[in-house]
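Subject: Handing over a structure, with notes on what was found

Dear colleague,

I am passing this structure on to you, and the notes that follow it are meant for someone who has not looked at it before. Please read them with the view open beside you.

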Amino acid sequence: MTQNEALRAIAGIFVLLGLALGYWVNPAWYLFVAFVALNLFQSAFTKWCPMMAILSRLGLPKV
């Protein structure tokens, strides 16, 4: 698994988890989903994402 594949999987899990927690636990969890979305949006323009740095340190290949 490459960093890009792992990033997409983690983002998807975070969004689904945030939606489930917002529905069943507390609507404030939707703010977490918004945070994930904003982070993905800013990374499209800045080419930098904190999760990519973490995945790089874990040794996942970039390609």
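In which helix is F14 found? F14 is found in helix α1, and that helix is a convenient place to begin, with the reminder that everything described here comes from a predicted model.

The overall picture

The protein has three helices and zero strands, and, read from the N terminus on, its elements run α-α-α. Helix α1 covers residues 3-24, helix α2 covers residues 30-46, and helix α3 covers residues 50-57. Taken along the principal axes, the C-alpha atoms fill a box of roughly 35 × 25 × 15 Å. Of the 63 residues, 22% count as buried, while the accessible surface comes to about 4,800 Å², with 74% of it belonging to carbon and sulfur atoms. Among the contacts with a separation of 6 or more, 57% are accounted for by residues 24 or more positions apart.

Helix α1 and its contacts

To return to F14, this residue counts as partly exposed, at 32% relative accessibility, and, leaving aside its neighbours within four places in sequence, F14 is in contact with F32, V36 and M51. F32 and V36 fall within the residue range of helix α2, and M51 falls within that of helix α3. Between F14 and V25, which are eleven residues apart in sequence, the distance in space is 15 Å, C-alpha to C-alpha.

A20 is also placed in helix α1 and, at 26% relative accessibility, counts as partly exposed. From A20 to A37 there are 17 residues in sequence and 16 Å in space, again C-alpha to C-alpha.

The segment before α1 is the place of T2, and T2 counts as buried, at 14% relative accessibility, because the limit for that term is under 20%. Once its neighbours within four places in sequence are left aside, T2 is in contact with L60, P61, K62 and V63.

The nonpolar core

Which residues make up the largest nonpolar core? There are five residues in all, namely A6, L7, C49, M51 and L55, and α1 and α3 each supply at least two residues of this core. L7 shows how these parts of the chain meet, since, apart from neighbours within four places in sequence, L7 is in contact with C49, M51, M52 and L55.

The nonpolar patch on the surface

On the surface, a nonpolar patch is formed by L16, L19, Y23, W24, V25, W29 and Y30, which together have about 850 Å² of accessible area. The element that gives the most to this patch is α1, with four residues. L19, one of the patch residues, lies in helix α1 and is partly exposed, with a relative accessible area of 40%.

In the loop between α1 and α2 you will find A28, which is partly exposed, with a relative accessible area of 44%. The C-alpha atoms of A28 and I10 are separated by 20 Å, and these two residues are 18 residues apart along the chain.

The end of α2 and the loop that follows

S43 is found in helix α2 and is buried, with a relative accessible area of 16%. A polar atom of the side chain of S43 lies 2.8 Å from the backbone oxygen of L40. Not counting residues up to four places away in sequence, S43 touches W48 and C49, and C49 is also one of the residues of the largest nonpolar core.

Is K47, in contrast to S43, buried or exposed? K47 counts as exposed, at 71% relative accessibility, because the limit for that term is over 50%. K47 lies in the loop between α2 and α3, and its backbone deserves a look of its own. Most residues other than glycine have a negative phi. K47, however, has a positive phi of about 60° although it is not a glycine.

With best wishes

Definitions and conventions
Residues are numbered from 1 along each chain as its sequence is written. This is a predicted model: local features need pLDDT of at least 70, side-chain atom pairs count only at pLDDT 80 or more; totals for chains, interfaces and linings use all residues. Side-chain values use heavy atoms; hydrogens and water are left out. Buried means under 20% relative accessible area, exposed over 50%, partly exposed in between (1.4 Å probe, protein chains only). A polar contact is a pair of N or O atoms within 3.5 Å; within protein, one must be able to donate a hydrogen and the other to accept it, and residues adjacent in sequence count only if both atoms are side-chain atoms. Contact means heavy atoms within 4.5 Å. Patches are made of residues with over 30% relative accessible area and no salt bridge: like charges are joined within 9 Å, nonpolar side chains (Val, Leu, Ile, Met, Phe, Trp, Tyr) within 5 Å. Accessible areas come from the Shrake-Rupley method with a 1.4 Å probe; for residues, only the protein chains shown count as cover. A salt bridge is a side-chain nitrogen of Lys or Arg within 4 Å of a carboxyl oxygen of Asp or Glu. A nonpolar core is a set of buried Ala, Val, Leu, Ile, Met, Phe, Trp, Tyr and Cys residues joined through side-chain atoms within 4.5 Å.
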